[in-house]
Amino acid sequence: MITSNVYLTFKGNCREAFEFYRSVFGGDFEVINTFAEMPPQEGMPPMPDEHKSLIMHVTLPLGENSRIMGSDTTDFFSPDFTVGNNFAISIGHEDPSKGEAYFNALAEGGKVIMPYAKTFWGAYFGQCTDQFGIKWMVNCEIPAEERMSTSANAES
């Protein structure tokens, strides 16, 4: 089954915005992580200390199959940030190969921002802008059997 949610990006005030949304819609955050929790990325400069407390990802459920998600950005991550272009459509699927097919089709004629690949948070993820200028995020959880075989191989 495919899912679709809105993903919002903020310039350092994601936590404040999501606390407001939670006060409006109620509920609890499903996930809230800061950039301090992100492992170092090969080829990337070290993250400035003042960015570590910013929100890397937050999810607020609005109903059984609906969520708003978000994160912070700074000039370090996104020097061309403009209010009005600070959202993306996030889709997911239980089959990572379907997710890859969606990602490749959406990226065709557009621009790949982050190639579709396995991530440290246990999913396959890619981000692109389609040929019409719409930003997309494709996030597909790694199946349990693949996670188990990967961790078994790491222990060998």
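This briefing describes the sheet, the helices, the salt bridges and the nonpolar cores of the structure above. The model is a predicted one. Its strands include an open sheet of 8 strands with mixed pairing. Helix α1 lies across β1, β2, β3 and β4, while helix α2 lies across β5, β6, β7 and β8. The salt bridges number 3, and the largest nonpolar core has 11 residues.

**Sheet**

- The strand order in the open sheet is β2-β3-β4-β1-β5-β8-β7-β6.
- Strands β2 (31-34) and β6 (111-118) stand at the edges; each has a single partner strand, so one side of each is left without a neighbour in the sheet.
- From one strand to the next, the twist averages 20°.
- Strands of a sheet pair through backbone hydrogen bonds, in either a parallel or an antiparallel arrangement.
- Strand β6 runs antiparallel to β7 (residues 123-129), and 5 bridges join the two.
- Within this pairing, Met114 has Gln127 of β7 as its bridge partner.

**Helices against the sheet**

- Helix α1 comprises residues 14-25 and runs at about 10° to β3 (55-63).
- The other strands that α1 lies across are β1 (3-10), β2 and β4 (66-72).
- Helix α2 comprises residues 96-107 and runs at about 170° to the edge strand β6.
- Helix α2 also lies across β5 (87-92), β7 and β8 (135-141).

**N-terminal residue**

- Met1 belongs to the segment before β1.
- With a relative accessibility of 59%, Met1 lies over the 50% cut-off and therefore counts as exposed.
- Beyond its neighbours within four places in sequence, Met1 is in contact with Asn65, Gly92, His93 and Glu94.
- The C-alpha atoms of Met1 and Gly99 are 11 Å apart in space, although the two residues are 98 residues apart in sequence.

**Salt bridges**

- Side chains of opposite charge can pair when their charged atoms come close.
- Glu19 and Arg22 form a salt bridge in which the closest N and O atoms are 2.6 Å apart.
- Both Glu19 and Arg22 lie in helix α1, 3 residues apart, or about one turn of the helix.
- Glu19 is partly exposed at 33% relative accessible area, and Arg22 is likewise partly exposed at 24%.
- Arg67 and Glu30 meet through their side chains in a salt bridge with an N to O distance of 2.9 Å.
- This pair links distant parts of the chain, with Arg67 in strand β4 and Glu30 in the loop between α1 and β2, 37 residues apart.
- Arg67 is partly exposed at 22% relative accessibility, as is Glu30 at 42%.
- Asp49 forms a salt bridge with Lys52, with 3.2 Å between the closest N and O atoms.
- Asp49 counts as exposed at 61% relative accessibility, whereas Lys52 is partly exposed at 34%.

**Nonpolar cores**

- The largest core consists of Ile91, Phe103, Leu106, Ala107, Tyr116, Tyr124, Cys128, Trp136, Val138, Cys140 and Ile142.
- Elements α2, β7 and β8 each give two or more residues to this core.
- Apart from the largest core lies another, of 10 residues, including Phe10, Ala17, Ile55 and Leu60.
- Ile91, a member of the largest core, touches Leu106, Trp136 and Val138, among other residues more than four places away in sequence.
- The contacts of Ile91 also include Ile2, Thr3, Ser4, Tyr102, Met137 and Asn139.

Notes:
Residues are numbered from 1 along each chain as its sequence is written. This is a predicted model: local features need pLDDT of at least 70, side-chain atom pairs count only at pLDDT 80 or more; totals for chains, interfaces and linings use all residues. Side-chain values use heavy atoms; hydrogens and water are left out. Two strands pair if DSSP finds at least two bridges between them. Helices (H or I, at least four residues) and strands (E, at least two) are DSSP runs, numbered from the N terminus. Axes are lines fitted to C-alpha atoms, for helices over the stretch in contact, and angles run from 0 to 180 degrees between N-to-C directions. Contact means heavy atoms within 4.5 Å. Buried means under 20% relative accessible area, exposed over 50%, partly exposed in between (1.4 Å probe, protein chains only). A salt bridge is a side-chain nitrogen of Lys or Arg within 4 Å of a carboxyl oxygen of Asp or Glu. A nonpolar core is a set of buried Ala, Val, Leu, Ile, Met, Phe, Trp, Tyr and Cys residues joined through side-chain atoms within 4.5 Å.
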